[in-house]
Amino acid sequence: MISSCRQTVNKQFILTLSIGVTAGFMVAYVLLTPEAIRRIDFHTSSEMANLAGPTMDPGEHGIEEEFHQMEDREVANKMYNKVRILCWIMTGPSNHEKRARHVKNTWGKRCNIILFMSSKEDDTLPAIALPVGEGRNNLWGKTKEAFKYIYHHYRDKADWFLKADDDTYVILENLRFMLLPHQPSEAVYFGCKFKPYVKQGYMSGGAGYVLSQEALRRFVEVGLTNSTRCSKKNSGAEDVEMGKCMEAVNVVAGDSRDSMGRGRFFPFVPEHHLIPGHVNKDFWYWQYIYYQSEEGMNCCSDNAVSFHYVSPNQMYVLEYLIYHLRPYGISFHVEMPQELQDAIVGIQNKNSTR
């Protein structure tokens, strides 16, 4: 009798387990449509919330190797001194270890100055505690406080001021090359330009945007002290509010495209722009982009500046591909830009007259 009951219970357990497993596979099959699989490639910060970078430090890729000894960094080094860029990274306490430190370990080390803006101090980054809460509803407030802090502490220590997220990857050499023809005294800012909401357009927050010294001054001294110029609230879409504010203080939304009309700042990872059809044509991006943008290999400038929604692991992949991988037998000669030659001559003449 007991044996018969056990057999009945076992059969019921196996039947229940089988139904559960089958149902699980059916649900997974329904949910993992091609579109669902595509969504694994992130389009929003919330989708990336649980991502974290490597727990073990990937280390440095030795710069004394044969290929790197063959590099000529003269132009890049001179631009580093000529076009000084302060980078500030929008982050939060929960992302100091998960994301921010991987920015510091990769592209962030090429900034002249790098600051991480948070609501909690962290000397290892360093992160600055701003008097604003976390969350998307406070991003505009956080942006205002960050630029105010920078204006009061660093306005004379850099020529340009870059805001980026902790899931943005930036190629600083290309940014300096793009900015080289411009003067810090120009009232201008650059980024990936979108067209709704602001007459002259505004720059995508995720792709990053860079303000000149004069744009920073006008933002803080005029925009944030005049209630009719810039929103006093902490809420609101950060990049839209910044765009409205820039327009109100007569800062030009600059054109960051290269001489062939190809973009330099991108709101998604390279794959989304390089592979035709990856970003569906009814997706918001195509209605927002200010200039006509192509898909495929001709999407992006050879001197691209930034990509967004880059996972912490992908930071290191891009770091390797951009700065270390070399096709053997191919070399590139970089001409000294005329603006840089003129600046060097000007410095030499100034020193000779002392």
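Is E295 buried, partly exposed or exposed? E295 is partly exposed, because its relative accessible area is 23%, and the scale here runs from buried (under 20% relative accessible area) to exposed (over 50%), with partly exposed in between, using a 1.4 Å probe and protein chains only. Before going further, a word on the model: this is a predicted one, so local features need pLDDT of at least 70 and side-chain atom pairs count only at pLDDT 80 or more, while totals for chains, interfaces and linings use all residues. Residues are numbered from 1 along each chain as its sequence is written, and side-chain values use heavy atoms, with hydrogens and water left out.

Back to E295, then. Its side chain forms a salt bridge with K281, with 3.6 Å between the closest N and O atoms; the term covers a side-chain nitrogen of Lys or Arg within 4 Å of a carboxyl oxygen of Asp or Glu. This pair ties together distant parts of the chain, 14 residues apart: E295 sits in the loop between α11 and β11 (306-307), and K281 in the loop between α10 and α11. Helices (H or I, at least four residues) and strands (E, at least two) are DSSP runs numbered from the N terminus. K281 counts as partly exposed, at 49% relative accessibility.

E295 also helps line the largest cavity, along with residues including F266, H272, W286 and C299. Helices α10 (270-274) and α11 (284-288) are the elements that give two or more residues to that lining. A cavity, on a 1 Å grid over the protein atoms alone, is a set of points where a 1.4 Å probe fits but cannot get out, and lining residues have an atom within 4 Å of a point. The volume is about 50 Å³, taken as the space filled by probe spheres set on the points, which are joined across faces, edges and corners.

C299 from that lining brings us to the disulfides, of which the structure holds three; each is a pair of cysteine sulfur atoms within 2.5 Å. C299 bonds to C300, S to S 2.1 Å, and the torsion about that S-S bond is about -85°, so the link is left-handed. Both C299 and C300 are buried. C87 and C111 are also joined, at 2.1 Å between sulfurs, and their link is left-handed, with -100° about the S-S bond. C87 lies in strand β1 (residues 85-90) and C111 in the loop between α5 and β2 (113-118), 24 residues apart. The sulfurs of C230 and C245 are 1.7 Å apart, and this link is right-handed at 75°. In sequence order, the bonded cysteines pair 1-2, 3-4, 5-6.

A search of the whole structure turns up 19 salt bridges. One of them joins R101 to E97 at 3.0 Å; the two are separated by about one helical turn because they are four residues apart in helix α5 (residues 96-105). R262 and D258 meet at 3.2 Å, N to O. R262 counts as buried at 12% relative accessibility, and D258 counts as buried at 13%.

Last stop, the interior. The largest nonpolar core has 88 residues, and W107, L175 and Y189 touch the most other members. Helix α6 (residues 139-154) gives the most to this core, with seven residues. Such a core is a set of buried Ala, Val, Leu, Ile, Met, Phe, Trp, Tyr and Cys residues joined through side-chain atoms within 4.5 Å.

Methods:
On a 1 Å grid over the protein atoms alone, a cavity is a set of points where a 1.4 Å probe fits but cannot get out, and a pocket is an open set with protein on both sides within 12 Å along at least five of seven lines; lining residues have an atom within 4 Å of a point.
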